[in-house]
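Notebook open. I want to look up the ligand site first, then a small sheet, then any odd backbone spots.

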Amino acid sequence: MDRVIKPTQPVMPQYDRYIREIKDIWDTKVLTNNGNKVCKLQHDICNYMNCKNSDLFVNGHSALIIAIRALNLKGEVLTSPFTFVSTTNAIVQNGLTPVFCDIDDSYNIDVSKLEGKITDNTCAIITPHIFGIPCKVKEIERLALKYNLKVIYDGAQAFGTKIDGKHIGAYGDITMFSLHAIKVYNSIEGGLLVYSNDKLHESFELYRNFGISYDEDKNDVIVCGINAKMNEFQAAMGILGLEIVEDEIGVRKKLASIYIDRLSKIDGIDTYPYEDGIDYNYAYFPIRIKQEKVGFDRDTLFLRLKERGIITRKLYDTLSCDYSYYKEGRYKMDVEYARKISKEALDLPLYGGLQISDIEHVCDTIMAICKEESNVK
Ligand SMILES: *Cc1c(COP(=O)(O)O)cnc(C)c1O
């Protein structure tokens, strides 16, 4: 078999640059607790995104937990079940009740179904920009204003995405980004909150560091916080990663255009209809397999590709609400279309470490599988 094409691969700065970047940590002996590098990265990110406030955390999930906690929410939260389970866990870990709303062909929450689910108990919409594809943010904003709801976006996958030239973190009350190794931009592990209300900074700082409020005379604990601080080695990786993230997105965009061009010739293998006015980050390359047209299903394509050394991902084969912990019928859900999409969607390999020839190879292989499977019938 030819070499294996992995589903994803972390973006890494040059080794020598990283070694140089971390050298002064041995001089300062500051490893964590808001060191220089964390402060610099916070600043660099605000410049990059043109945002007012950003705070860094040890990972995206803790950042999301803290974002929700800081808004003091109570009651029901409208959310999408087509996500990494982190979104759902963070809602429930804050004592809130998820109300699972269906998705549409954007893989994101179906805004036309949101209004009907708002009750007196609804306090927020907490939903992902899945695959880095933005939600319909303007409609969500309209509903939030009308019903006085908070909006937190799980932008874990959406670093670098822009709408009308504006970074995606400009929408909603708070946007969380994950800087985990396999995201478009990483700090090994890491989390980021971007928000416009300056007052939130103090809460984030408290919750991130055990709830301790420092005072010259006497420290006090004023909220029940956790430990979610980013360390200096993570920040060093983040600082260098930020210099190469736009190149990474650029390469992905070029590779994606080859996929789009080649796969558009197959009726029943649908690529995402990318819209004008949105700068996508190409975090993932989701396709949908329409069995009624190609004559085989998503799982068959997944297996045939795997046999030929091309590893793809079935994101999200199981909806959050269908995992054992969530499925006991405790929560309201309307997820029929999401269930259908979860059985049609497949994520093809897409990252800057791939060559044009790799993408051609994946497309050729999909073509060959389509031919074989139609002969089998
Ligand atoms: C990666 C991811 C998270 C969690 O981020 P971590 O940094 O791994 O904790 C949350 N939500 C979504 C949608 C993700 O893809």
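For the ligand shell I count a residue as near if one of its heavy atoms lies within 4 Å of the molecule. Before using any of this, I note that the model is predicted: local features need pLDDT of at least 70, side-chain atom pairs count only at pLDDT 80 or more, and totals for chains, interfaces and linings use all residues. Residues are numbered from 1 along each chain as its sequence is written, and side-chain values use heavy atoms, with hydrogens and water left out.

**Ligand site**

I find 14 residues around the ligand, and the closest are Gly 60, His 61, Asp 154, Ser 178 and Lys 183. Sorted by class, the shell holds 3 nonpolar, 9 polar and 2 charged residues. My classes: Ala, Val, Leu, Ile, Met, Phe, Trp, Tyr, Cys and Pro are nonpolar, Asp, Glu, Lys and Arg are charged, and the others, Gly among them, are polar.

Next I checked distances to ligand oxygen atoms. A backbone N or O atom of Gly 60 sits 2.8 Å from one, and a backbone N or O atom of His 61 also lies 2.8 Å from an oxygen atom of the ligand. Ser 178 uses a polar side-chain atom, 2.6 Å from a ligand oxygen. Taken alone the ligand exposes 380 Å², and the protein buries 92% of that (Shrake-Rupley areas, 1.4 Å probe).

Which elements give two or more residues to the shell? I get helix H4 (60–70) and strand S8 (174–178). Helices (H or I, at least four residues) and strands (E, at least two) are DSSP runs, numbered from the N terminus.

**Small sheet**

I also looked up an open sheet of 3 strands, in the order S7-S6-S13 with antiparallel pairing; strands pair if DSSP finds at least two bridges between them. Its edge strands, S7 (166–167) and S13 (278–279), each pair on one side only. S6 (residues 162–163) and S7 share 2 bridges, and Lys 162 has His 167 in S7 as its bridge partner.

**Backbone oddities**

Most residues other than glycine have a negative phi, and most peptide bonds are trans. Lys 29, not a glycine, has a positive phi of about 60 degrees; I place Lys 29 in the loop between H2 (25–28) and H3 (36–49). The peptide bond from Leu 315 to Tyr 316 is cis, omega near -5 degrees, and Tyr 316 falls in the loop between H10 (298–307) and H11 (336–344).

How values were computed. Polar contact = N/O pair within 3.5 Å; in protein donor to acceptor, adjacent residues only side chain to side chain.
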